Amino acid sequence: RTGARVERLPLSRFTTLGVGGEAEVWFVESHEQLAEAMEQPYRILGGGSNLVIADEGVPERVIRLSGPLAERDLTPDPALSDDTWVVTGWVGGGVPLPGLIRQLQKLGLSGLEGTVGIPAQVGGAVWMNAGTRYGEMFDGLHTLEIVTPEGTRQVTPDDLNWGYRDSGIPRNHIVTRVRLRLRRAAPEDVLAKMDFADQARKGQPKMKTPGCAFKNPGGVSAGKLIDEAGLKGSRVGNALIAPEHANFIVNLGGASAADVHALLALIRDRVPVPMELEYELWP
Ligand code: FAD
Ligand code: EPU
């Protein structure tokens, strides 16, 4: 009807962990196609970099923002920009974050470089306010467009109750696009900050993974707690608690979601401090 491309596909193809069974994937390129996709139960998939998806897949429609919803307009808005600050045009929720960060650096626009190395899409990164100790997504947001089955609304960060790894936006409210508010800076200075933030990743594993498993409880490194519990190198099936950093579970090749779940249960059992899961488990 609205012409959205719909295909039954293995979700493992869309996740950085490389795990996940089949679902009906809706590639939506417009608000009309999105509205049609949302007529039945759905999930929204971004870069798949924080997901552990069941080997059976999921029964809901899986929406992927594509086409114009994965494009960016970084032209400064003359009415809202000056010698210090730039407010951009719309950046689609489906835009890959790493490429955007490199592009902003070249343009001399500072504010989001602390998120370097996060393999997310803009919408997913905004939805969970992804970040590092050098910066997070909400450092650079001006306006967010959010779509639900009830309609489309625009909000500013002040309208949301956001915090560490949390935008305050309810699940399945889709961040279709955002406008950025960034500070003008010398490209080489932005690059230096990016390189500095990237140093913190030296100790992270290079294998297939959905990033950190747990949020840091009360500012303490969850990785350190899991390490102190002696769990580095624990293996179930083809999933492994990374020897490099204990808050990362990696896929050695052919891991199942059940393997990862078993390691998460082991961690919860052995670490004395309660920790909140950072990953999302589908379904
Ligand atoms: P997905 O994994 O696809 O989805 C995650 C959640 O976001 C789901 O609930 C999904 O429904 C929702 N979502 C996706 N798109 C949208 C949208 N458009 N609107 C609304 N909701 C949406 N995270 C950090 O915070 N800091 C790090 O330093 C970091 N480092 C990482 C390093 C590696 C190697 C990897 C693999 C991951 C890392 N992560 C890090 C985790 C991950 O990148 C973030 O959690 C990121 O925000 C997930 O975004 P995504 O687009 O991949 O979302
Ligand atoms: N540590 C250990 N053993 C480990 C892991 C860490 O002793 O196995 C120690 C380190 O030696 C260091 C301290 O714990 O002294 C902190 O470690 P690190 O610098 O790696 O930071 P982190 O708090 O574990 C956080 C984020 C990462 C982000 C890095 C760098 C969370 C849950 N994790 O890790 O984000 O990339 O800082 O900024 O907030 C993610 O959220 O998915 C993620 C990867």
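Helices (H or I, at least four residues) and strands (E, at least two) are DSSP runs that are numbered from the N terminus. The structure is a predicted model, in which local features need pLDDT of at least 70 and side-chain atom pairs count only at pLDDT 80 or more, while totals for chains, interfaces and linings use all residues. Residues are numbered from 1 along each chain as its sequence is written, and chains are lettered from A and ligands numbered from 1 in the order in which they are written.

**Exercise 1. Find where G94 is placed, and decide whether G94 is buried or exposed.**

Solution. Begin with the chain: G94 belongs to the loop between β6 (85-92) and α2 (97-107). Next, apply the rule that a residue is buried if 20 or more other C-beta atoms lie within 10 Å of its own, exposed if 12 or fewer, and partly exposed in between, with C-beta atoms placed from the backbone. Because 27 other C-beta atoms lie within 10 Å, G94 is buried. Then list the contacts, where two residues are in contact if their C-beta atoms, placed from the backbone, lie within 7 Å. Apart from neighbours within four places in sequence, G94 is in contact with R64, L65, S66, L69, A70, Q121 and G123. Finally, compare sequence with space: G94 and G47 are 47 residues apart in sequence, and their C-alpha atoms are 8.1 Å apart.

**Exercise 2. Work out how α2 is placed, starting from its buried residues.**

Solution. The buried residues of α2 are L97, L100, L104 and Q105. They cover an arc of only 140° around the axis, which puts them on the same side of α2; the arc is that of the directions from the helix axis to the C-beta atoms. A rule about helices helps here: an α-helix has 3.6 residues a turn, so residues three or four places apart point the same way. The face turned away from the buried side of α2 carries the exposed residues G99 and K106. As for partners, the buried residues of α2 pack against β6, β7, α3, β12 and α4. Just after α2, G108 takes a positive phi of about 70°.

**Exercise 3. Check the span of helix α4 (residues 187-199) against the expected value, and describe its two sides.**

Solution. The expected span of a helix is 1.5 Å times one less than its number of residues. Helix α4 has 13 residues and reaches 19 Å from its first C-alpha to its last, close to the expected 18 Å. Its buried residues are V190, M194 and A197. Seen down the axis of α4, these fall within an arc of 65°, so they line one face of the helix. On the other side of α4, E188, D195 and Q199 are exposed. The buried residues of α4 pack against α2, β7 (109-110) and β8.

**Exercise 4. Identify which residues are closest to ligand 1, and explain why ligand 1 lies between two domains.**

Solution. A residue is near a molecule or strand if its C-beta atom, placed from the backbone, lies within 6 Å of it. Ligand 1 is surrounded by 31 residues, and the closest are G46, G47, G123, G124 and G211. Two or more residues are given to this shell by each of β3 (42-45), α3 (122-127), β8 (131-132) and β12 (174-184), and the largest share, four residues, comes from α3. For the division by type, Ala, Val, Leu, Ile, Met, Phe, Trp, Tyr, Cys and Pro count as nonpolar, Asp, Glu, Lys and Arg as charged, and the others, Gly among them, as polar. By this rule the shell around ligand 1 divides into 14 nonpolar, 14 polar and three charged residues. The last step uses domains, whose bounds come from an automatic or database domain assignment. Because domain 1 (5-68) and domain 2 (71-199) both give residues to the shell, ligand 1 lies between them.

**Exercise 5. Describe the shell around ligand 2, beginning with how many residues surround ligand 2.**

Solution. There are 17 residues around ligand 2, and the closest are T132, G211, C212, G223 and A246. Helix α5 (residues 222-228) gives the most to this shell, with four residues. Sorted by type, the shell around ligand 2 has four nonpolar, eight polar and five charged residues.
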